[in-house]
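Please look over the chain below before reading on. The report moves from single residues to helices and then to the nonpolar cores.

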Amino acid sequence: MSAEPLLSGGLRSSGKQKEGKELPKPSRRVSAVATPGEKIPSPADRVAQQISRMEAIGQLAGGIAHDFNNLLTVILGHSEFLLKRSEPAKSRRVRIDEIRKAAERGAWLTNQLLAYSRNQLLEPTVLKFNAVLEDMDNILRRVLGEDVALDLLLDPNLGWVKVDRGQLQQIVLNLAGNARDAMPQGGCLRIETRNISVVDGPARPQSFVKPSNYVAIVVRDSGQGMDAETRARIFEPFFTTKEKGKGTGLGLATVYGIVKQSGGYIWAESDTGRGSAFYTLLPRVPEPASAEVPQKVFAFRSGGETILLVEDDPALRKMAAEVLRDTGYKVLTAPCGADAMQVAAEHPGSLDVLLTDVVMPGMTGRELADQIVARYPRTRILYMSGYTDDAVGNHGLHGQTLRVLQKPFTHDALVRYVRAALEIGA
């Protein structure tokens, strides 16, 4: 669907955009789409979908194993060198940096997979997409390189959306990186924002879009475009047109998952030699009563408060306790809820924060928190979890004001979240 149909018929646009360079307009040949609802398939369709899912799962498992085995080999290799050799401090630092980078790539891959499966733990806030784009201007230009011109056409009256800021940035970076790869000789990338209203009736250009008010993001490139076979598969996991070793094939699959999880729609138009245009629609929400407050920067100084840390993984429990003690906290530890209640009962002083995993054997983090608060009403609760949004929801955490520290986390994130928990009600 080109820009003209997007603004006509069953769709109405408001606001003005700045003038920009002309880009080749892709044809009305549309890719697979991501939508909040699915049509009821026929029995034959269900068989075909099951076969397709099984093939996709095989690709997914193979891709995960390949990427994680590479990362683990790097981590194990550098760890063995550190244990076997007595190297200069500079060489040890290089190896430690490589281990950290490999771990960060593993965390990134996990987040990509959770986003693709639409089960990533989210922290949605009401925000303006234009502000997110403007904050990303420098990194976008670095991603695109000097031979790709970036053209932003932003509606100054753009409405508000309620999404996870990190995921919104992930959508833009993945689409921009995909567009850059489609323009190996350079070109132009245009990102447009606008308000649109979808109304019911025969003039509605896409039947899968539910009538409502949306914020539209259009990412258009002047690249090579896609043929019909490629268009049909662009949102599949681990599908890539890049040569082996040049890409994971998770970029557009991740975008697909994020958009669906956020209640929106995405589709693409393209034809060989005519560039591509990706259209993302996110539900528009009312303007918040007050502007979003920037995250407070903490000094990370402990006042000697007592933290009860409950985590069933011994290695993680030991590491987290060491980080918190190094910051000046008094840390009590327990591997499960029952042991945590025993530790709390034997502790003569107050408990300032309960830092507990969500999913544990015997007693969940929520059940433990309820018992701790009943006995120690002034204790602040902070959850941590490596599980998905659905798993956290099943344990009764949705609707609470406290945030969940998502694994894997850095030292800085751990200390910052604990500090934030202490500041609540202080």
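In which strand is V163 found? V163 is found in strand β4, which covers residues 160-164. The model is predicted.

**Overall make-up**

The protein chain holds 13 helices and 13 strands. Of its 426 residues, 45% are buried. Take the contacts between residues at least 6 apart in sequence: 76% of them join residues at least 24 apart. The disulfide count is 0.

V163 has a relative accessible area of 5%, so V163 counts as buried. Its C-alpha atom lies 9.5 Å from that of V259, and the two residues are 96 apart in sequence. Other pairs can be set beside this one.

| Pair | Separation in sequence | C-alpha to C-alpha distance |
|---|---|---|
| V163 and V259 | 96 residues | 9.5 Å |
| A345 and R375 | 30 residues | 9.3 Å |
| E311 and P335 | 24 residues | 5.1 Å |

A345 sits in helix α10, residues 337-346. Leaving out residues up to four places away in sequence, A345 touches R375 and Y376.

**The loop before α9**

Is E311 buried or exposed? E311 is buried, because its relative accessible area is 2%, under the 20% cut-off. E311 belongs to the loop between β9 and α9. Beyond neighbours within four places in sequence, E311 contacts L316, R317, A334, P335, D357, M384 and K407. The E311 side chain also reaches the backbone nitrogen of D313, at 2.9 Å.

D313 in turn caps the N-terminal end of α9. One of its side-chain oxygens lies 3.1 Å from the backbone nitrogen of A315.

**Helix α9**

Helix α9 runs over residues 314-326. With 13 residues at 1.5 Å a residue, the expected span is 18 Å; the end C-alpha atoms are 18 Å apart, so the two values agree.

Which residues of α9 are buried? They are L316, R317, A320, A321, V323 and L324. These residues cover an arc of only 160 degrees around the axis, which means that they lie on the same side of α9. An α-helix has 3.6 residues a turn, so residues three or four places apart point the same way. On the other side of α9, the exposed residues are P314, A315, K318, E322 and D326.

What covers the buried residues of α9? The cover includes strands β9 (306-310), β10 (330-334) and β11 (353-357), along with helix α13 (411-423). Just after α9, G328 takes a positive phi of about 110 degrees.

**Helix α13**

Helix α13 has 13 residues. From first C-alpha to last, α13 reaches 19 Å, close to the 18 Å expected at 1.5 Å a residue. Its buried residues are A413, L414, V415, Y417, V418, R419, A421 and L422. The cover over these buried residues includes β9, α9, β11, β12 (380-385) and β13 (404-406). Helix α9 thus appears in the cover of α13, and α13 appears in the cover of α9.

**Nonpolar cores**

In soluble globular proteins, nonpolar side chains tend to be buried together. The largest nonpolar core here has 38 residues. Those with the most contacts inside this core are L140, L168, L189, I191 and F278. Helix α6, residues 165-181, gives the most to this core, with 6 residues.

What does F278 contact, leaving aside neighbours within four places in sequence? Its partners are L175, N178, I217, V218, V219, M226, I234, F235, L252, I266, W267 and A268. Apart from the largest core lies another, of 22 residues. Its members include A321, L324, L355 and L382. A321 and L324 are also among the buried residues of α9.

**Two cysteines and a histidine**

C188 has 8% relative accessibility, so C188 counts as buried. C336 has 18%, and therefore counts as buried too; the cut-off is under 20%.

H78 lies in helix α2, residues 43-84. A polar contact of 3.1 Å joins its side chain to that of R95. Not counting residues up to four places away in sequence, H78 touches R95, E98 and I99.

Notes: Residues numbered from 1 in each chain as written. Predicted model: local features only at pLDDT ≥ 70, side-chain atom pairs only at ≥ 80, totals over all residues. Heavy atoms only, no water. Helix = DSSP H or I, 4+ residues; strand = E, 2+ residues; numbered from the N terminus. Expected span 1.5 Å × (residues − 1). Buried < 20%, exposed > 50% of the residue type's maximum accessible area, 1.4 Å probe, protein only. Arc of directions from axis to C-beta. Contact = heavy atoms within 4.5 Å. Polar contact = N/O pair within 3.5 Å; in protein donor to acceptor, adjacent residues only side chain to side chain. Disulfide = S-S within 2.5 Å. Core = buried A, V, L, I, M, F, W, Y, C linked by side-chain atoms within 4.5 Å.
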